[in-house]
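User: I should like a close look at a single part of the structure shown below. Please treat it in one connected account.

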Amino acid sequence: MVLADLGRRINNAVGNVTKSNVVDADVISNMLKEICNALLESDVNIKLVAQLREKIRKQIDAEDKPGINKKKLIQKVVFDELVKLVDCNEAELFKPKKKQTNVIMMVGLQGAGKTTTCTKLAVYYQRRGFKVGMVCGDTFRAGAFDQLKQNATKAKIPYYGSYTETDPVKVTFDGVEEFRKEKFEIIIVDTSGRHRQEEDLFEEMVQIGKAIKPNQTIMVLDASIGQSAESQSKAFKESSDFGAIIITKMDSNSKGGGALSAIAATNTPVAFIATGEHIQNFEKFSGRGFISKLLGIGDIEGLMEHVQSMNLDQGDTIKNFKEGKFTLQDFQTQLNNIMKMGPLSKLAQMLPGGMGQLMGQVGEEEASKRLKRMIYIMDSMTKQELSSDGRLFIDQPSRMVRVARGSGTSVTEVELVLLQQKMMARMALQSKNMMSGAGGPAGMASKMNPANMRRAMQQMQSNPGMMDNMMNMFGGAGGAGGAGMPDMQEMMKQMSSGQMKMPSQQEMMSMMKQFGMG
């Protein structure tokens with residue numbers, strides 16, 4: 001992945017500074033040279049790179065005072081300046097209001113992925129309780145209405161378009177008015193793709209804007225467009241005065257730097273980024289979160305926002321956890337929720353401690369396959385077994401053989417599921433013990449907030465043992481039973497020898513305080 005490679009190169013450049021015995025001007029110059037080369041090869045505009053280099057150098061000189069840890073200072077300055085490169089703090093994004101009509105017009109080059117992005121944006125707002133409709137204003141491209149209709153039907157989003165009307169201004173106006181009468185809160189208008197040299201299409205876009213008077217105009221920008229992103233975005237800015245950018249195709253082969261350069265060129269913030277064709281490959285953009293993921297630091301706030309938007313079924317899991325219990329049924333519920341939350345690589349990138357890079361070692365397909373096998377195992381259990389704490393299998397080992405046969409797995413894999421459930425059950429019990437002396441579960445839950453969650457996750461990041469245990473769930477240990485799962489006997493040996501253990505009471509208390517529960 002090109003962006004992941006960019007993150008590694010920047011990390012290596014800063015890492016070389018922290019490894020140096022003496023941090024002098026030559027060391028800093030070498031670091032800046034490597035960072036700038038990495039950004040240029042990712043298609044970031046050369047003027048922006050030159051400005052970034054000077055800003056980092058000046059900021060380091062300005063904050064370098066006696067008693068300051070220079071290595072930490074350099075890490076902070078590089079991170080902050082990279083965030084400023086992709087963020088427009090002075091520009092506020094449009095926030096649609098409920099119980100009133102909000103019209104959003106999408107513009108951009110042909111092939112940028114506008115129609116697919118319209119659907120993703122519609123689903124994003126629909127999941128947040130808005131009544132959303134889509135209008136096809138592209139009468140130029142053959143099959144445009146069919147594509148929007150197919151996407152909207154699959155996503156269960158109401159749509160409007162016409163096979164006979166060729167005037168895009170009339171189609172969009174009629175569609176917006178139809179949805180407005182039906183009290184739709186968000187109306188997303190898809191327009192024809194155009195190029196800055198196509199004056200007629202640009203005039204058409206201006207006329208559509210005058211007819212429907214959008215509350216927000218968004219430019220959809222292909223991440224692989226390269227250095228031409230700046231000139232294209234400036235041309236659109238002059239004609240449509242868009243207020244936000246959505247960057248698409250931020251996946252394996254796109255460098256992305258050209259699209260990011262458009263932010264500075266137009267002084268327009270990025271609202272969302274899309275990383276694939278699927279509806280779930282769409283996330284709200286945060287400059288700090290984007291750079292954090294790029295450098296392997298994680299984006300806990302982004303992860304929490306994503307989880308909350310899914311409206312996942314938790315069953316009795318939260319209630320049981322507060323009571324110090326975690327059954328096999330709870331484990332099954334949580335694994336099913338993980339599978340619903342989208343690509344595992346996306347979730348791993350949001351976790352601190354380099355989980356995204358570790359995930360790359362296992363592979364998206366392999367990790368998903370292993371999670372599914374764990375779900376198959378629990379699907380083969382009876383209601384009595386699922387509602388238990390797993391002791392039934394210890395008392396009657398023949399049950400493990402039956403479940404393994406029914407799920408097409410091995411007894412070793414069944415044992416692994418039981419072990420992981422046992423670990424979670426122990427954590428639930430320790431959590432209950434900690435909570436019982438701090439005002440009860442309800443009082444603690446009310447004190448939880450994203451800032452405290454982020455600090456707690458940063459503490460987990462500093463505990464390699466806990467991060468290793470998490471990776472064991474993805475099969476980070478050696479193979480066994482011909483299924484590529486961790487060696488059960490080795491894991492048991494590690495637990496008994498203290499090499500793999502649950503957090504101590506002191507560690508749990510410290511984490512509770514970080515969560516705002518103490």
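Which residues of E5 lie on one side and which on the other, and are they buried or exposed?

Analyst: The model is predicted, and what follows should be read in that light.

Strand E5 spans residues 216–222. Gln 216, Ile 218, Val 220 and Asp 222 lie on one side of E5, while Thr 217, Met 219 and Leu 221 lie on the other. Residues of both groups are all buried, and both faces of E5 are thus covered. In a regular strand the side chains alternate between the two faces of the sheet. Because seven of the seven residues of E5 are buried, the strand is largely enclosed by the rest of the structure. The cut-off behind this reasoning is a relative accessible area under 20%.

The pairing partners of E5 come next. Strand E1 (residues 102–108) and E5 pair in the parallel sense over five bridges, and Ile 104 stands opposite Gln 216. E5 is also joined to strand E6 (residues 244–248) by five bridges, and these two strands run parallel as well. Along this second pairing, Ile 218 stands opposite Ala 244, and the bridge partner of Asp 222 is Thr 248 in E6. Between E5 and E6 the chain crosses through H9, and this β-α-β crossover is right-handed.

The connecting helix H9 comprises residues 229–240, and Ser 233 has its place there. Ser 233 counts as buried because its relative accessibility is 0%. Leaving aside residues up to four places away in sequence, Ser 233 touches Met 219, Phe 242, Ala 262, Ala 265 and Thr 266. One of these contacts leads back to E5, since Met 219 belongs to the side of that strand that also holds Thr 217 and Leu 221. Helix H10 covers residues 257–266, and the contacts of Ser 233 include Ala 262, Ala 265 and Thr 266.

The wider sheet gives E5 its setting. Eight strands form an open sheet of mixed pairing, in the order E3-E2-E4-E1-E5-E6-E7-E8. Its edge strands are E3 and E8 (282–284), each of which pairs on one side only.

Elsewhere in this sheet, strand E2 (residues 132–136) offers a parallel case: five of its five residues are buried, so E2 is largely enclosed by the rest of the structure. Val 132, Met 134 and Cys 136 point one way from E2, and Gly 133 and Val 135 point the other way. Five bridges join E2 to strand E4 (residues 186–190) in a parallel arrangement, with Gly 133 opposite Ile 187. Two bridges join E2 to E3 (residues 159–160), again parallel, and Val 135 has Tyr 160 as its bridge partner in E3. From E2 the chain crosses through helix H6 (residues 144–155) to E3, and this β-α-β crossover is right-handed.

Helix H10 also leads to a further element, helix H3 (residues 46–63), because H10 is among the helices that cover the buried residues of H3. Those buried residues include Leu 48, Val 49, Leu 52, Ile 56 and Ile 60. They cover an arc of only 100° around the axis, which puts them on the same side of H3. Helix H2 (25–41) and helix H4 (70–86) are likewise part of the cover. The face of H3 turned away from its buried side carries the exposed residues Ile 46, Lys 47, Lys 58, Asp 61 and Ala 62.

Definitions and conventions:
Residues numbered from 1 in each chain as written. Predicted model: local features only at pLDDT ≥ 70, side-chain atom pairs only at ≥ 80, totals over all residues. Heavy atoms only, no water. Buried < 20%, exposed > 50% of the residue type's maximum accessible area, 1.4 Å probe, protein only. Helix = DSSP H or I, 4+ residues; strand = E, 2+ residues; numbered from the N terminus. Pairing = 2+ DSSP bridges. Right-handed = clockwise from strand over helix to strand, strands pointing away. Arc of directions from axis to C-beta. Contact = heavy atoms within 4.5 Å.
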